[in-house]
Amino acid sequence: MQLENSKPIAVQSETRTKRTNVRWLVVAMLFFMTLINYADRSSISLAGPQMAKDLGLSPVDMGIIFSAFGWAYVMFQLPGGWLLDKFGSRLIYSLSIFFWSLFTLMTGLAGFVTGATAVAFIFAMRFMVGTSEAPSFPANSRIVASWFPASERGTAAAIFNSAQYGSTVFFAPLMGWLAHTWGWHSVFTVLGLLGIAFLPLFRKIVKSPKEHPQVNDAEIEYISAGGALISLDENKAAQQTPEGPKLRYLKQLLSSRMMLGTYLAQYCLNAIGFFFITWFPIYLVQEKNMSIMKAGMVAAIPAICGFLGGLLGGFFSDFLIKKGVSVSVARKIPIISGMMLCCVMVLCNYTDSETAVIAIMAMSFLGKGIGGMGWTINTDTAPREIAGLSGSMLNTFSNASSITTPIITGYILDITGSFHAVLWFVISHAVMVIFFYLFMVGKIQRLVLK
């Protein structure tokens, strides 16, 4: 009799310990905050045409202003990664959200000045937004590494990374309407207040696995068995590592062919994305003669495709891993195929049809989304002792292109007067991503520090 009853008891015990899924709530929060993050960093592009007209700014002035974010974002990547490893993801991310929202809000004050003073003020505000946002993506990667097993990391990283496109879907129409109806200042005011308003919700939802009140032991066991770094923010030894070893860690990251290839590829990926969030609306207004409000609406279409592509790439990569395909092959297939599709962008040079331009850009950014798996690769490869620092190094390379791309684009436009050469410049980066993953990165695995 006891043996017969043992099975129901086991079933009841299993029911009581059913695994929670808090990790998906956490990544949903990362997605939402990254939506706001990208809306704040791209706000200058939709406000740009009206701002340039009101303040008398040239294409070179706008290129310099667009680059301000990138200068700061790159300069403060490594300090941001060090802060994440020392103080943990939640605290540093919370401060990041507050300050990037505050400086976005303050950018609207530029309407009180003109000329060189306006350029200097907007540059300073955008520089401070870049400084404040520097820890955000390394923190996303760090949180995903601590909450997700290897077989789910592609999907999780794709969710937060796809927010760069989702931001345009959700916010570009709003920003276009605000700029058209209330003036360009209102774009910065609304977005700045939005980030500050949602900070308390972020702090309520995003915690480390062992500290989250809603997670149960079954979920902790599941993610830990799958390779999640559940004690990442409890690694006091890593947090107290002196600066000398930190410098040696940086040398090890840069001397690894796998890591360096990933970093260089991420530079090229971000160059494509940064064209989209800075110059693309201006391309639609100046090259294709759309109104600013229409440009805001139209820009959402390629963004939707980029968003869906990002999710598709992550889902497909994880599906391949679950089917027994190696991590290296499962990650590289969507990257290479996505970049090949991205190259169709150049066809926009050979049509004046608005419908054709949007369809081509939609396909191109679908490909960019599918291939944009750099942060997934980072969660697979980052040394556990310096997960924040590794993410910051990836973002340093990535966002060096946020300096070069807008400036080079501005000078190309100033010299040629059209976007034809600009589109060739953009797709050359997709070709280089394919090269790096085929011939440099090699086997994808977690780097072990010496």
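**Notes on a helical chain: rings, cavities and pockets**

1. Let's start with a charge and a ring. R41 places its charged end over the ring of Y73, 4.8 Å from the ring's centre. There is another arrangement of this kind to look up: K86 has its charged end over the ring of F87, at 5.7 Å from the centre. Keep in mind while you browse that this is a predicted model.

2. Now the overall picture. The chain has 22 helices and zero strands. Of its 450 residues, 59% count as buried. Take the contacts between residues at least 6 apart in sequence: 84% of them join residues at least 24 apart.

3. Next, the aromatic rings. The structure holds 14 aromatic pairs. One of them is Y93 with F202, an edge-to-face pair with 4.9 Å from centre to centre and 65° between the planes. This pair links distant parts of the chain, with Y93 in helix α5 (residues 89-107) and F202 in helix α10 (residues 185-205), 109 residues apart. Are these two rings buried or exposed? Both Y93 and F202 are buried.

4. For a contrasting geometry, try F123 and F127. These two rings are stacked, 6.4 Å centre to centre and with 25° between the planes. Both residues belong to helix α6 (residues 115-133), where they are four residues apart, about one turn of the helix. F123 counts as partly exposed because its relative accessibility is 24%, and partly exposed covers the range between under 20% (buried) and over 50% (exposed).

5. Some rings group together. Y38, F137, F160 and W375 are linked into a cluster by ring pairs. Two of these names, Y38 and W375, come back in the next point, among the residues nearest the centre of the largest cavity.

6. On to the enclosed spaces. How many cavities of 30 Å³ or more does the structure hold? There are seven of them. The largest cavity contains about 130 Å³ of space. Its lining is made of 16 residues, and Y38, N161, Q266, N270 and W375 lie nearest the centre. Helices α2 (22-55), α14 (257-278), α20 (374-381) and α21 (387-416) each supply at least two residues of that lining. By class, the lining of the largest cavity divides into nine polar, five nonpolar and two charged residues.

7. The open spaces are worth a visit too. The largest pocket holds about 230 Å³ of space. Of the 14 residues lining this pocket, L83, S96, T131, S132 and P135 lie nearest its centre. Helices α4 (77-87), α5 and α6 each give at least two residues to the lining, and α5 gives the most, with five. Which classes make up this lining? Ten of the residues are nonpolar and four are polar, with no charged residues.

8. The second largest pocket has a volume of about 160 Å³. It is lined by eleven residues, with F87, G88, R90, E211 and D233 nearest its centre. F87 is a residue you have met already, since its ring is the one under the charged end of K86. Helix α5 again turns up here, with the largest share of the lining of the second largest pocket, three residues. The lining of this pocket has six charged, three polar and two nonpolar residues.

9. Two single residues round off the tour, beginning with T379 in helix α20. T379 counts as buried because its relative accessible area is 2%, and buried means under 20%. Leaving aside residues up to four places away in sequence, T379 touches S141, V144, R153 and R446. Helix α20 is also one of the helices supplying at least two residues to the lining of the largest cavity.

10. The other residue is P200, found in helix α10. Why does P200 count as exposed? Its relative accessibility is 54%, and the exposed class takes anything over 50%. P200 and S94 are 106 residues apart in sequence, while their C-alpha atoms are 8.9 Å apart in space. P200 shares helix α10 with F202, the buried partner of Y93.

Conventions: Residues numbered from 1 in each chain as written. Predicted model: local features only at pLDDT ≥ 70, side-chain atom pairs only at ≥ 80, totals over all residues. Heavy atoms only, no water. 1 Å grid on protein atoms, 1.4 Å probe; cavity = no way out; pocket = protein on both sides within 12 Å on 5 of 7 lines; lining within 4 Å. Points joined across faces, edges and corners; volume = space filled by probe spheres on them. Nonpolar A, V, L, I, M, F, W, Y, C, P; charged D, E, K, R; others polar. Phe/Tyr/Trp six-rings, centres within 6.5 Å; stacked < 30°, edge-to-face > 60°. Buried < 20%, exposed > 50% of the residue type's maximum accessible area, 1.4 Å probe, protein only. Lys NZ or Arg CZ within 6 Å of the ring centre and 35° of its normal. Contact = heavy atoms within 4.5 Å.
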